[in-house]
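Here are some notes to read with the model open beside you. Take the points one at a time, and find each residue on screen as you go.

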Amino acid sequence: MVWSEDMENCEKKSSCQKCDFFKHVLDALVEPLVVVDSNGIIIFINKAYEEFLQVSREEALGRAVQDVIENTRLHLFCSKKEAEIDSLQTIHDREAVVQRIPIIVDEKTIGAIGKVNYQNVHEISSLAKKLKSMESKLEAYKKSSASQMAAVYTFEDIIGCSPALESVKQFAVKAAASEMTILILGETGVGKELFAQAIHNASPRHRGPFVSINCAAIPQDLLESELFGYEEGAFTGARKKGKPGKFELADGGTIFLDEVGDMPLRMQAKMLRVLQNRHIERIGSTASQDMDVRVIASTNQNLEDKVLNSEYRADLYYRLNAITLKIPPLRERREDISLLVDKTLEQLGSDKKFSRESMRIIVNGYWPGNVRELINVVERLVFLTDASFIEPGHLKTVEPSLFKEQEDKKEQEVAEPQSSKMLSRSVNDTEKEVLFDTLKQTGWNKTQAAKLLGIHRTTLHTKMRKYGIQQKPL
Ligand SMILES: Nc1ncnc2c1ncn2[C@@H]1O[C@H](COP(=O)(O)OP(=O)(O)OP(=O)(O)O)[C@@H](O)[C@H]1O
Ligand SMILES: [Mg+2]
């Protein structure tokens, strides 16, 4: 470390020790820092600036700052009173972000400090990106915690352009306007809760509460009190003043009975009574209250099977599915995948891109966890990949399961014969139509028709027999 002559010659030993200490402090900074006196002469330069400029202290100290640092204006600040914060300065071909701060003692400027905050503006844009991504994550967390008591999503938040999703959306918009109970079916992660919230927000009850209860997550013994509440002293450990249940809390709004397929049989009986009579009773109470609540239920289980196996009450099932909304799994609407990927990248504030091949792998992937899984995979890829283009190699490292796809292959094997049958049927239909039209056009002159079609006359005869076109129709 080199200090200016004046400081090296400090008379008091104790203050020299202090000087040393501060020298160490300034040297420990990662930001380059330089100090000039009132004439713009360098009296201190820290280690980081030495490295940044590739100049040794011995060379820098005692020289005019403009002779050592490219494009500097620090010497101008030796007579100023105002600092300059976050100004751009090109040093060694890099756009650095610098601060210039006058040192004022007794209202007199005795020197100035120059500090490089960012050695390259790109650092700022990467910081800005990080910030944006953190903000969007925070927003998502806020949304998910707010969703416990309120519906935050609308139909606009449901991403997808596939005809399959579009038609469910259209149906859901219509269903929202009614007061009828809706049963939302679909595999895990397809967006059942998203739809439930969107329906509430598009319904006449949108100003009322949206109360969600997960019937699978709550222990069976507590489910009844959670749903219907209890009166004071209803059971040992009950709260002094009793507690309202979810149905009461949802008054004037919507209750979302999530995972309704996991409701125990005993509760199913009570639930049926409530839905039929439209009034509720707290546990331990004899009084009943009218219920002004719209019910939306959801499950990823096959309720029909459960009914057949006597695991679910048929009467409750029919009451719940006044309107059924079936959300197709992602593999049945692959057109939505790239849109969902792009939207996720946008929400993460990332400008990473998927190469054509990696997008193809993602679009054709097997997604048992549907949209939730897809979003998680994209998030992982963004945070674990440094490259700006995500290639298949990155997918392989971060998400090797995408390459297993055995299930997908199985599905294709089952689907292929079906789809190839459909294709050959439509090819045949078209061929028959073309033959017929050409024969008509040529007044049923087979030689002319064969010529027009570019086939031999015998081939034309074979094809006519194949399609049952034997002669000119009457
Ligand atoms: N079409 C979509 N557009 C945008 N985000 C979606 C879409 N579908 C699902 N999501 C998102 O995927 C995640 C899972 O959705 P949701 O919780 O609604 O699924 P679910 O069907 O209720 O799943 P589970 O059965 O596991 O509870 C959520 O983060 C949701 O916002
Ligand atoms: Mg859910």
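1. Let's begin with a term you will need for the hairpins below: two strands are said to pair if DSSP finds at least two bridges between them. Strands themselves are DSSP runs of type E with at least two residues, numbered from the N terminus. Please keep in mind that this is a predicted model.

2. With that in hand, look at S4 and S5, which form a hairpin with two residues between them. In the turn, aspartate 106 has a positive phi of about 50 degrees. Strand S4 covers residues 94–105, and its antiparallel pairing with S5 runs over nine bridges. One spot to find is isoleucine 103, which stands opposite glycine 111 in S5.

3. What do S3 and S4 form, and how many residues lie between them? They too make a hairpin, with two residues between the strands, and histidine 92 in the turn has a positive phi of about 50 degrees. S3 and S4 are antiparallel and share six bridges. Here glutamine 89 faces alanine 96 in S4.

4. Now move to S1 (residues 33–37), which is joined to S2 by three antiparallel bridges. Valine 36 sits opposite isoleucine 42 in S2. S1 also pairs in the antiparallel sense with strand S5 (residues 108–118), over five bridges. In that pairing, leucine 33 is opposite lysine 115 in S5.

5. Put these pairs together and you have an open sheet of five strands, in the order S2-S1-S5-S4-S3 and with antiparallel pairing. Which strands stand at the edges? They are strand S2 (42–45) and strand S3 (84–91), each of which pairs on one side only. On average, neighbouring strands of this sheet are turned by 25 degrees against each other, direction ignored. As background, strands of a sheet pair through backbone hydrogen bonds, either parallel or antiparallel.

6. There is also an open sheet of five strands with parallel pairing, in the order S7-S10-S13-S6-S14. Its edges are strand S7 (210–214) and strand S14 (323–326); each has a single partner strand, so one side of each is left without a neighbour in the sheet. The twist averages 20 degrees from one strand to the next. Within this sheet, four bridges connect strand S10 (residues 254–258) with strand S13 (residues 294–299), and the two run parallel. You can check the register at phenylalanine 256, which stands opposite isoleucine 296 in S13.

7. Next comes ligand 1. Why does ligand 1 lie between domain 2 (150–326) and domain 3 (336–404)? Both domains give residues to the shell around ligand 1, so that is where it lies. Helix H8 (192–202) and helix H16 (370–384) each contribute at least two residues of this shell. Of the 16 residues around ligand 1, the nearest are Ile159, Thr188, Gly189, Lys192 and Arg372. Sorted by class, the shell holds seven nonpolar, four polar and five charged residues.

8. Zoom in on the backbone beside ligand 1. A polar backbone atom of valine 190 is 3.3 Å from an oxygen atom of ligand 1. For glycine 191, a polar backbone atom is 3.1 Å from an oxygen atom of the ligand. Glutamate 193 has a backbone N or O atom that lies 3.1 Å from an oxygen atom of ligand 1. Taken alone, ligand 1 exposes 630 Å², and the protein buries 83% of that.

9. Finally, have a look at both ends of helix H19 (residues 446–453). At its start, a side-chain oxygen of asparagine 445 comes to within 3.2 Å of the backbone nitrogen of threonine 447. After H19 comes glycine 454, with a positive phi near 75 degrees.

Note on methods. Residues are numbered from 1 along each chain as its sequence is written. Chains are lettered from A and ligands numbered from 1 in the order in which they are written. This is a predicted model: local features need pLDDT of at least 70, side-chain atom pairs count only at pLDDT 80 or more; totals for chains, interfaces and linings use all residues. Side-chain values use heavy atoms; hydrogens and water are left out. A residue is near a molecule or strand if one of its heavy atoms lies within 4 Å of it. A polar contact is a pair of N or O atoms within 3.5 Å; within protein, one must be able to donate a hydrogen and the other to accept it, and residues adjacent in sequence count only if both atoms are side-chain atoms. Accessible areas come from the Shrake-Rupley method with a 1.4 Å probe; for residues, only the protein chains shown count as cover. Ala, Val, Leu, Ile, Met, Phe, Trp, Tyr, Cys and Pro count as nonpolar, Asp, Glu, Lys and Arg as charged, and the others, Gly among them, as polar. Domain bounds come from an automatic or database domain assignment. Axes are lines fitted to C-alpha atoms, for helices over the stretch in contact, and angles run from 0 to 180 degrees between N-to-C directions.
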